[in-house]
Amino acid sequence: MRWPVIIAAGAIAFLAAFYAAGAGMVGSDDRAADVVGDITENSYTRWISPIYEPGDDMEPILFGLQAGAGAVVLSYFILRIGSMTKG
Amino acid sequence: MHIMEGFLPHPWWEIWFALSLPVVAYGARRIGLLTREKRDTLPLLAVAGAFVFVLSSLKLPSMAGTCSHPTGTGIGAIMFGPAVTAVLATIVLVYQALFLAHGGITTLGANIFSMGIIGPAAGFLVYRALCRLGQSLFISTAIAAAFADMATYLMTSLQLALAFPATTGGVISSFFAFAAVFALTQVPLAIAEGVVTALIFQYILQARADMLLKMNVISKSSFDRIGTGKKVSR
C-alpha cells in the first residue's frame, strides 16, 4: 500500500507548514474585523465579548488538543478501515 | 472564516441561527439513523469528523502575511452529504468558540451556515457534477474539497457584507472588501486541502470501495474498475 506513505508525507508537510506559520502572521478573521472597522469608520463596537479568551500560553495548547484529538481518532479509524480489507 | 463573537448585529445573528438549526437538526437525525441502521458506515463517519477536527485546527500561512484555516468538510460532504457534515462542523465550531475565542456563540449560526452548510453543499454538488462529467474520482474529490473550502469563505464574506454594507457601493462593495481578505488568502489553502482530501479519499476507496458503493458515493462501473488500474470515474 503506497497511499499511507503518501498520506503520512502530506500530513507531515502540513504540520511543518503549521509550525512554520508562527510569528508575524495575522489571522484572516482579525483582518476581517479591521475591514468592519474601515467600513463603519470605527463606529461599530462588538456587543458581546467571548466568554473565555485563551492567553498566548494556552492558545497553542488548546489548538494542539483539537489537532491531537482529531489526529488520534483519524489515525485509529484510517488503520481500522485499512485492516477491514484483509478481513 | 470565523465571524468573531459580537461581530454580527441584530437581526443577522438570529437569522443565520434560524437558517442553520433546521439543517443541523436534520443532520443529527440522519446520524441517528446511521448509528441504528448502518453501523458499518460509522468508521467512515469518524474519519470525516476527525478530518474536520484536524484540518480546522491548522493555522496555515498564506499570502500577504495572513494566515487562515482549511475547513476539512469536503470528505464528509462527499460521503455523507451536507446535513451530516453540518453536525460535524458544529461540534468543531462550538469547541473553537468556547475554548479558543475563534468565532463565537452569537455568531455560531452564521459560522455553521458557511462552514457546515454552504461549503459542504458546494463540495457535494461539485463532486456529483464532476463525476457525472466523467472526471476521475481523484480529480472530482480534490476539486470538490477545494470548492467546499472556497465557498465557505465566500459565504462568510457575504454574511459580513450583508451586516455591514458600505456607505458607497452597499453590499456588493462590502462583499469585495471582505472577499479580498478571506477568499484571496484561501486560494492556496483550498488547493492544498483539495489534494489532501483526495489522498484520504483514495485510501478509503482502495480499502472500502464496497462501502462507498453501498452509500451511493461511487457508481457500480467505478466499483468494477477499481483494482484493474484503469481510470476510475463515478
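Read along the sequence, chain A of this predicted model follows the pattern α-β-α-α, which amounts to three helices and one strand. Some overall values for this chain are gathered here.

| Chain A property | Value |
|---|---|
| Residues counted as buried | 32% of 87 residues |
| Exposed area | about 5,500 Å² |
| Share of exposed area from carbon and sulfur atoms | 64% |

Let us move to chain B and its helix α1, which covers residues 12-37. This helix of 26 residues reaches 38 Å from its first C-alpha to its last, close to the 38 Å expected at 1.5 Å a residue. Even so, α1(B) has a kink of about 25° at Ser20(B), shortly before the proline Pro22(B). Ser20(B) is also one of the buried residues of the helix, alongside Trp16(B), Phe17(B), Val24(B), Gly27(B), Ile31(B), Gly32(B) and Leu34(B). What do these buried residues pack against? Their partners are α2 (42-55), α3 (74-80), α4 (82-99), α5 (108-132) and α6 (137-163), in chain B.

Now for the nonpolar cores. The largest has 77 residues, and those touching the most other members are Leu44(B), Met79(B), Phe80(B), Tyr127(B), Phe201(B) and Leu212(B). Helix α7 (residues 170-214) of chain B supplies the largest share of this core, 13 residues. Apart from this core lies another one of five residues, including Ala146(B), Met150(B), Ala183(B) and Ala190(B).

Met79(B) deserves a look of its own. Leaving aside residues up to four places away in sequence, Met79(B) touches Leu44(B), Ala48(B), Phe201(B), Ile204(B), Leu212(B), Met215(B) and Val217(B).

How values were computed
Residues are numbered from 1 along each chain as its sequence is written. Chains are lettered from A and ligands numbered from 1 in the order in which they are written. This is a predicted model: local features need pLDDT of at least 70, side-chain atom pairs count only at pLDDT 80 or more; totals for chains, interfaces and linings use all residues. Side-chain values use heavy atoms; hydrogens and water are left out. A nonpolar core is a set of buried Ala, Val, Leu, Ile, Met, Phe, Trp, Tyr and Cys residues joined through side-chain atoms within 4.5 Å. Buried means under 20% relative accessible area, exposed over 50%, partly exposed in between (1.4 Å probe, protein chains only). Helices (H or I, at least four residues) and strands (E, at least two) are DSSP runs, numbered from the N terminus. Contact means heavy atoms within 4.5 Å. The expected span of a helix is 1.5 Å times one less than its number of residues. The bend at a residue is the angle between axes fitted to the seven residues ending there and the seven starting there. Accessible areas come from the Shrake-Rupley method with a 1.4 Å probe; for residues, only the protein chains shown count as cover.
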